[in-house]
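This briefing is for a reader new to the structure shown below. Please keep the sequence and the 3D view at hand while reading.

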Amino acid sequence: MSDTPVDSSKRTWLIATGCASAVGGVAVAVPFVSSFQPSERAKAAGAAVEADISNLKPGERMTVEWRGKPVWILRRTPEMLAELPKLDSQLADPQSKRPMQPAYCQNPVRAIKPEVFVAVGICTHLGCSPVDKFQTGPQPSLPDDWKGGFLCPCHGSTFDLAGRVFKNKPAPDNLEIPPHMYISDSKLLIGEDKKA
């Protein structure tokens, strides 16, 4: 039996309709299936965050967001580091022995690399964000012998340049050190510390 012109046009019509249906089905299925993946916002909420510190100069601080919190990265100068041990007698927890601190930061500089300080920029009292007070000497709301650090403007808690809280302040603990590790000399990964 040979194809008649009617059979051949039906076949062409069926093939064209089938192809169009397949393309339409894929077009509908892709967004539906991809909706099962977490959104970029959800991934960022719990995912580790990479920070490039190659352009961070001594005495400068940058902020990255991790889990909706500000994370400070401060490149400390040799002068800043030299002042830290002199403050131990004035601090509530100078060696960061309270359980909220990672073991690799239970030291006077509270850092993996002494010159790079990483901390969550939220006061441990009521969750305000402290401000930089890196300038030394007398200033409003600070002692006359201020060596530099952070001041919480809400209730006056003060922290040194290692995020350690001074005694007799409303904040009960040092600033939180998030889990972090170095991917390279100039890149940090905030939120993971598998190599620690």
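The notes below cover a sheet, the aromatic rings and a charge over a ring. The model is predicted. It contains an open sheet of three strands and three aromatic pairs.

**Sheet**
- The strand order in the open sheet is β5-β6-β7, and the pairing is antiparallel.
- β5 (131–133) and β7 (158–159) are the edge strands; each has a single partner strand, so one side of each has no neighbour in the sheet.
- Strand β6 (residues 149–151) runs antiparallel to β7 and is joined to it by two bridges.
- Across from Thr 158 in β7 stands Leu 151.

**Aromatic rings**
- There are three aromatic pairs in the structure. One of them is the edge-to-face pair of Phe 134 and Phe 150, with 5.7 Å centre to centre and 80° between the planes.
- This pair links distant parts of the chain, as Phe 134 is in the loop between β5 and β6 and Phe 150 is in strand β6, 16 residues apart.
- Phe 134 is partly exposed, at 22% relative accessibility, whereas Phe 150 is buried, at 0%.
- Trp 146 and Phe 166 make a tilted pair, with 5.8 Å centre to centre and 40° between the planes.
- That pair also links distant parts of the chain: Trp 146 lies in the loop between β5 and β6, and Phe 166 in the loop between β7 and β8 (180–184), 20 residues apart.
- Both Trp 146 and Phe 166 are buried.
- Phe 134 and Phe 150 belong to one aromatic cluster with Trp 72.

**Charge over a ring**
- Lys 113 lies over the face of Tyr 182, 4.3 Å from the ring centre.

Key
Residues are numbered from 1 along each chain as its sequence is written. This is a predicted model: local features need pLDDT of at least 70, side-chain atom pairs count only at pLDDT 80 or more; totals for chains, interfaces and linings use all residues. Side-chain values use heavy atoms; hydrogens and water are left out. Two strands pair if DSSP finds at least two bridges between them. Helices (H or I, at least four residues) and strands (E, at least two) are DSSP runs, numbered from the N terminus. Rings of Phe, Tyr and Trp (its six-membered ring) pair if their centres lie within 6.5 Å; planes under 30 degrees apart count as stacked, over 60 as edge-to-face and the rest as tilted. Buried means under 20% relative accessible area, exposed over 50%, partly exposed in between (1.4 Å probe, protein chains only). A charge sits over a ring if NZ of Lys or CZ of Arg is within 6 Å of the ring centre and within 35 degrees of the ring normal.
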